[in-house]
Amino acid sequence: MSVSSELPPTRHIVWDWNGTLLADNEAVVASVNAVCAAYGAEPVDLPGWRAVFGRPLRDSYERVLGREIDQRDWRAIDRVYHDSYRRLLPTCELDPEAPHALREWRERGGSQSLLSMFFHDELVPLVERFGLSSMFGRIDGLRDSEVGGSKAAYLDAHLRSLRLEPSEAVVIGDVTDDARAAAEVGAECVLVSTGVMSRAALESTGRPVADSLRAAVSRITPTMAR
């Protein structure tokens with residue numbers, strides 16, 4: 001599989017949601033700061049969170065909070081973060097280029113789906129709220145209670161459900177885990193710098209990095225289904 005900026009023609013795009021199609025950076029940082037407040041730590045801004053954000057996610061919080069996090073802490077952090085994020089979610093909008101990018105890929109003859117590590121039961125009505133459900137051949141979110149793990153197993157199951165070979169798909173996402181998941185299953189990937197991870201971290205994957213959704217789609221050439 002190539003790691004250059006030249007991508008082979010593909011049938012299908014697997015879109016990420018948070019930070020990719022959904023512009024939720026402000027809600028994310030505010031929710032991280034809810035955790036900081038709960039633990040008496042200084043708040044962070046978006047550049048500060050980008051500077052520490054990575055996998056495993058627990059390490060990012062340890063750097064922000066300046067302390068080790070045990071399993072009890074981790075459960076509490078998850079609760080505080082998601083309680084705040086859910087309160088702020090109604091204020092989030094789509095990335096301004098999202099509807100156009102989705103329509104453009106469909107009009108060029110490609111198929112597309114959505115795979116998110118946000119909770120499935122909350123993801124589906126949110127996508128419907130924005131009127132995007134019909135754009136996707138399949139929508140999958142997280143169906144178990146664990147957060148912060150690798151996306152690779154979920155991507156593999158997603159592609160199997162669509163009866164697609166990994167070589168027929170390109171993942172578009174905003175974090176290095178999207179690139180790692182694509183590499184593990186054998187798919188291509190384009191990363192966008194619109195989310196909560198630094199551009200330098202994205203570039204370190206060796207995958208193409210675009211500064212907008214339309215620029216990401218322009219990197220990909222559709223090929224018709226056989």
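Here is a short dialogue on reading a predicted model, from the whole chain down to single residues.

Q: Let's start big. How many helices and strands are there in the chain?

A: The chain has ten helices and eight strands.

Q: And how do I read the radius of gyration of the chain against that of a compact globule?

A: You set the chain's value beside the one expected for its length. A compact globule of 226 residues would come out near 17 Å, and the chain has 17 Å, so the two agree. For the outline, the C-alpha atoms fill a box of roughly 55 × 35 × 30 Å along the principal axes.

Q: What share of the residues counts as buried?

A: The cut-off is under 20% relative accessible area. Of the 226 residues, 51% count as buried. As for the outside, the accessible surface is about 10500 Å², and carbon and sulfur atoms make up 49% of that.

Q: What about contacts between residues at least 6 apart in sequence?

A: Check how many of them reach far along the chain: 68% join residues at least 24 apart.

Q: Where do the charges sit on average?

A: Take the mean position of each sign. There are 26 positive and 34 negative charges, and their mean positions are 3 Å apart.

Q: Now strands. Which way do the side chains of β1 point?

A: In a regular strand, side chains alternate between the two faces of the sheet. In β1 (residues 12-15), His12 and Val14 point one way, while Ile13 and Trp15 point the other way. All four residues named are buried.

Q: Which strands does β1 pair with?

A: β1 runs parallel to β4 (residues 111-119), with four bridges joining them. Isoleucine 13 has glutamine 112 as its bridge partner there. β1 also pairs with β6 (residues 169-173), again in the parallel sense and over four bridges. In that pairing, valine 14 is matched with valine 171.

Q: Let's try a loop. Is threonine 20 buried or exposed?

A: Threonine 20 lies in the loop between β1 and β2 (22-23). Its relative accessibility is 1%, so threonine 20 counts as buried. Beyond its neighbours within four places in sequence, threonine 20 contacts several residues, including Trp15, Asp95, Ile172, Asp174 and Leu213.

Q: And alanine 187, where is that found?

A: Alanine 187 is in the loop between α8 (176-185) and β7 (188-192). With a relative accessible area of 0%, alanine 187 is buried. You can tie this residue back to β6: the C-alpha atoms of alanine 187 and valine 171 are 7.2 Å apart, with their positions 16 residues apart along the chain.

Key:
Residues are numbered from 1 along each chain as its sequence is written. This is a predicted model: local features need pLDDT of at least 70, side-chain atom pairs count only at pLDDT 80 or more; totals for chains, interfaces and linings use all residues. Side-chain values use heavy atoms; hydrogens and water are left out. Helices (H or I, at least four residues) and strands (E, at least two) are DSSP runs, numbered from the N terminus. The radius of gyration is taken over C-alpha atoms; the globule rule is 2.2 Å times the number of residues to the power 0.38. Buried means under 20% relative accessible area, exposed over 50%, partly exposed in between (1.4 Å probe, protein chains only). Contact means heavy atoms within 4.5 Å. Accessible areas come from the Shrake-Rupley method with a 1.4 Å probe; for residues, only the protein chains shown count as cover. Lys and Arg count as positive and Asp and Glu as negative; His and the chain ends are not counted. The place of a charge is taken as NZ of Lys, CZ of Arg, CG of Asp or CD of Glu. Two strands pair if DSSP finds at least two bridges between them.
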